[in-house]
Amino acid sequence: MANPQSSATNSVSVDTAAIHFSDKKSKASLFSRYTEPLALLGALVVLVLIFSSLNPRFATIGNLQNILSQAGLPLIIGIGATFVILIGSIDLSVEGVMGASGMVFVLMSANSRGGTDFGPWAIVAGIAMGVVLGLVSGLIYTRIKVPSFIVTLGMWYVGLGVATILFGTESIPTLTSDELAIWSSQITLGLPNIIWVASVVLVLAALTLRFTRFGRVVLAIGNNEEIARGSGLAVAYNKTLVFVLAGALSGMAGIIATMQLGSGSATVGSGNLFITIPAVVIGGTALSGGKGGVFGTALGVILLTTLNNGLILSGVSPNFQSAVSGAILVLAIVATAWSQRDRLRISK
Amino acid sequence: MTTKATSQTSVLRLSNIDKKFGQTHALKNVSLEINHGEVIGLIGENGAGKSTLLKILTGIYQPDSGSIEVNGKSTKFRGPRDSVAAGIGVVHQEQSLFTNLTVAENIASGSKVASRFGIYRWGQINRAAAETLSIIGSSLDPSTKVSNLSFVDRQMVEIARAIRVDSTMGGSPLVILDEPTSVLERSETAILEREIRKLKAHGSVIFVSHRLDEIMRNCDRIMVMRNGELVADRVTSTVTEDELFKLMVGHEARAVSSSHRVVAADEQPVISVENLSRKGKYSNVSLSVHAGRLTAIVGSTGSGREELARALFGAEKFDSGSIAINGTKVTGWRIAKAVKRGVAYVPAERKVEGMVGGFSAAENITLTHPGKAAVGPIVFPLARNKIARTWFNTLDVRPNDIALDLARFSGGNQQKVVMAKWLNSPELSVLVLDHPLRGLDPGAAQTVNEQIKLACSNGAAVILLSDTLEEALEMGDDVIVMRDGEISATFDMTKESPSTLDLLERMV
Amino acid sequence: MNLSQTWTSSIEVLSNDKASKVRRIAAKGWQAVGPVVIFIVMFAVVSILTPTFIGGGGLTIVASSAAPILLVALGQALVLNIGSIDLSNASITLLGAILLAMTLGSVGAVAPILIVLLVTLFGSVNGFIVAYAQVPSFALTLGTFGIFQSAALVVSSATTVYVTQNGQAVAALYQSGVAGLPMTFILGIIVAVVSWAFLRFTRAGLGMTAIGKNESGAIFSGVRTRTLKIVAYALSGLMAGLAGITIIAQAGSASPTGLGSDLLLPGIAAAIVGGTSISGGVTNPINVVFGAMTVALVPIATAAIGIDAQAQNLVYGAVIIVVVALTLSRSKNSIVK
């Protein structure tokens, strides 16, 4: 008998891994709570310094406003995506939803094809289209239990199809109101309108996560769905609601993207998925769910947008853009998964 | 039964609860009563029916027959929600907290005051949680995130959640502590025991543990289960630990004197393990098994024997120590290497780890060691079928359909196929079996046992993690007892004949 | 309130049990004959609605456009079979096609071989990361999708690359044929048959299916799960490369937005319509042939029924969701992400 204590008494004190593990984990989480955003900020500072030295046009007020304008759309979409990823799911449908919502918006606004101008109702209808597509995704996902990446992959193309059908065979519908066309990039109080919209959404989303039952249930589901179900939380309902929220935000982004483009296009959302998902992941939201938040996503979006902007100003072809985002996504998921590697763990 | 039937103080009464799973009779006519303010100890060997009983109390299983009364009113638990509503809370061994939320949310977010119009009322939640925490005398800050707490603090949160105030049981909750101390250090156990005593003022407790001294210290009454029956219900002051041991084991089985293969003095063991350790699971385990010999390892939950078995198969890592097969130390030990060296492992989780459901029985048998069913990388289905048919006849697998999806066989017949998968290796050297008879009907159990003995007499070194102590005594050439990650005793059955009681005393 | 909750939850349990049974039967039936039947039905409908379809070489047209879809779908089916997904394979096809168009003139006959080897390597990198870093495959291949897409844009400078020399040799694959079916499609059939034999009659193939059916069970049976995952992704890359060759054979050029630039969803749809299970462990490459032909028929069929051909994206998307929803077998309490 190796341990004299164990032979002396029936109640043995064991050095258990569970305790040490939890201690280590708590220290790590306290630590990472501050290091993660700081690391992102640090990376941002480094990027700014490098790009400023490469091109004097980078560090100008005009370019700063430019970067913020470009960050607006991915930020709005990324907030929806953050909620979806927080419950451990994924939404690949954003570009399709953007196309459908944008098309509804342009066709119901004053456009080159004529037709009735519904004014602000066009915006409401565009967002409603996003809500409907998000609701359908959410219901198929939670009620029929089709994995979210398949539902939303299908819904991506359904959205594109809806947009194409709405587009029809007539001429391209162009927004006739200049006011609408330039609204998003107009500067109010020093910042482009789109970043004001995104900021409002960001603050509302952060408040939702912190101060509403819905927000806390989202975090609970993401942490452990089985316990959430066992504790009697309305898991399916809240998960569906998350997809509705994501659909609404994608719809809103589709409308703004259409304003920026000035005309209707099914592929108006093209490329946005590729900035959004890496941004959410490097912003500290774990693909496994339950961990992360919208401010991290905002930092991630700004970092990626700055990177893309800086690369272009440094003379790198825009063709590299999706490779940059893709490579960052790969690095981010590998970095997060590395510590949890275990021969017996199953990941699909 | 010594229970007084005073219905005023009876919090929970079970009458004639019966539950079967297929051929396994998990609970036989169990009746018991728990009064307000009582701490009940529940003990029994693995498989005695404790966990089935707890799952019925928490609404996870529904009894086949019998009735449940809460506060004198007959009731049915159709799901966990009903049980929670009746004021029954469980503190599981594996914790069930949302680690990314605060202490207060975990305790009180289910209460009615927690939110209004969807807006979270942090003040109310923190206050309700603080109130509940003060009942059990804990001074935890309700706004701390659970992920920042130590293990024992998390257990306090679990207890607080279990007794949360808004139960319908008239403020008299029943808290079930399921092996709460098995992962605690001694000082932490003391804290927990203090909490249990405080709880008595507010409700009742069922305390499940495999440590008898803890049971004796903390419980007013002790219930003993064996083979699905409640065999004793005693007031603590009237029993001794020795009596409890005997009640748990039933008849005091002695080792049957069967022939044991004698090992020559200079004979090299097939597998020898030296000072194998894994932090928090097992430490300094040394053992060796010779060809044709069977070593049975016994131990209760948390003894580390399961983790040890998986390490021998290369499925889990170990921190230090060494494993040698036929005298050569292994390096970079993992499953693929183990399989190559003729090590086989029959896991306890048959459906998840032991077999590939969806594959036919024939495909399962030849998946690991195809033998003549494959030439190089190419598989020949006809040869495969021939091999499978031979095994089906040898092991009497039913239905006699080798092409049938293995998932559709009964548990016993699945286990026969799992055995065949490993026995199909011509170079079987070490056979590690983790609860090979779990959930098997007697017929299948006999077949599997015969095959284990046959493999052994054919020269394999067998390591058996048995379900029962009798099984270990009957099958083992050596019996090793593990307690809290260490070997507490080794019996050489050629020289000694210990009883089940001897084993049990070194387990707990 | 409690009572009504219990009531509805027990109803849910009932309907879920029934639904899972229906799904199980639907899945079995679908895997056996579904792909063939649905193709025949659609083909008949189109032939009746558009009488000139058969006379005008309709089957040849379907087979030509099905060829790249089929090859991409076969690779996807092998990856789905191990319980993962490859969202990057269509972008590998396009990159391969562009590289082939650029090199065929200068390097000549060795070019297709080199490029297929190169993209096989790309595929195995996907597999290596999935197997060893244990990241979710959809997220990883979404990332590498972006990288390959960029690579295609960069090497082609975002324009159409024309084959300058030796184009005839590759084009012959498209122009020659057997029984009205172009060689590109025949190539697809050959790959399908080989894949079928690989899955049924080799230890590696059976090991892959075991991973898809129960990865833990496969690990504990000594199956080399990591190696086989890499092989599955490598084969997906290889078949994507072959699909790239069929694109050059058919078009004589390649561009990031031209023929074959939108093969991802048709590829997945063809694999799923061909009876491949999204949760792994079930696929029959022979049936994927019919899945690919069905998918290739979609634009023609939608036009014949009078739906705008532009709506085919919608049809692809809806088909994937509906077929998966109908054939998915899941227990009522499983957690789906």
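**Group meeting: a sheet in chain B, a helix pair in chain A, and the A–C contact**

Okay, let's start in chain B, where helix α8 (residues 241-249) lies across β3, β11 and β12, running at about 30° to β11(B). Before I go on, bear in mind that this is a predicted model.

So what sheet is α8 sitting on? The strands belong to an open sheet of six in chain B, in the order β6-β9-β10-β3-β11-β12, and the pairing is mixed. At the edges you have β6 (88-91) and β12 (229-235) of chain B, each of which pairs on one side only. On average, neighbouring strands here are turned by 20° against each other, ignoring direction.

Look at the β3–β11 pair for a second. In chain B, β3 (residues 39-44) and β11 (residues 221-226) run in the parallel sense, with five bridges between them. If you want a residue to click on, take I40(B): its bridge partner in β11(B) is R221(B).

There's another helix to show you on this sheet. Helix α5 of chain B, residues 151-162, lies across β6 and β9 (174-178), and its angle to β6(B) is about 170°.

Right, over to chain A. We get 14 helices and two strands there, and of its 348 residues, 55% count as buried. For contacts between residues at least 6 apart in sequence, 78% join residues at least 24 apart.

The helix pair I'd pick out is α3 (residues 61-86) with α11 (residues 235-261) of chain A. They pack at an angle of about 170°, and their axes are 8 Å apart. Anything over 145 degrees counts as roughly antiparallel, so that is what we call α3(A) and α11(A). Who makes the contact? From α3(A) you have, among them, G72(A), I76(A), G80(A) and F83(A), and from α11(A) the residues include F243(A), A246(A), L249(A) and A253(A). By class, this contact has 16 nonpolar, three polar and no charged residues.

Last stop, chains C and A. Here 45 residues of chain C are in contact with 49 of chain A. On the chain C side, α5 (110-133), α6 (137-156), α10 (215-220) and α14 (312-327) each supply at least two residues. Which helix of chain C gives the most to that side? That's α6(C), with 15 residues. And the make-up of the side of chain C that touches chain A is 28 nonpolar, 13 polar and four charged residues.

That's my tour, thanks.

Conventions. Residues are numbered from 1 along each chain as its sequence is written. Chains are lettered from A and ligands numbered from 1 in the order in which they are written. This is a predicted model: local features need pLDDT of at least 70, side-chain atom pairs count only at pLDDT 80 or more; totals for chains, interfaces and linings use all residues. Two strands pair if DSSP finds at least two bridges between them. Helices (H or I, at least four residues) and strands (E, at least two) are DSSP runs, numbered from the N terminus. Axes are lines fitted to C-alpha atoms, for helices over the stretch in contact, and angles run from 0 to 180 degrees between N-to-C directions. Two residues are in contact if their C-beta atoms, placed from the backbone, lie within 7 Å. Ala, Val, Leu, Ile, Met, Phe, Trp, Tyr, Cys and Pro count as nonpolar, Asp, Glu, Lys and Arg as charged, and the others, Gly among them, as polar. Angles under 35 degrees count as roughly parallel, over 145 as roughly antiparallel, 65 to 115 as roughly perpendicular and the rest as oblique. A residue is buried if 20 or more other C-beta atoms lie within 10 Å of its own, exposed if 12 or fewer, and partly exposed in between; C-beta atoms are placed from the backbone.
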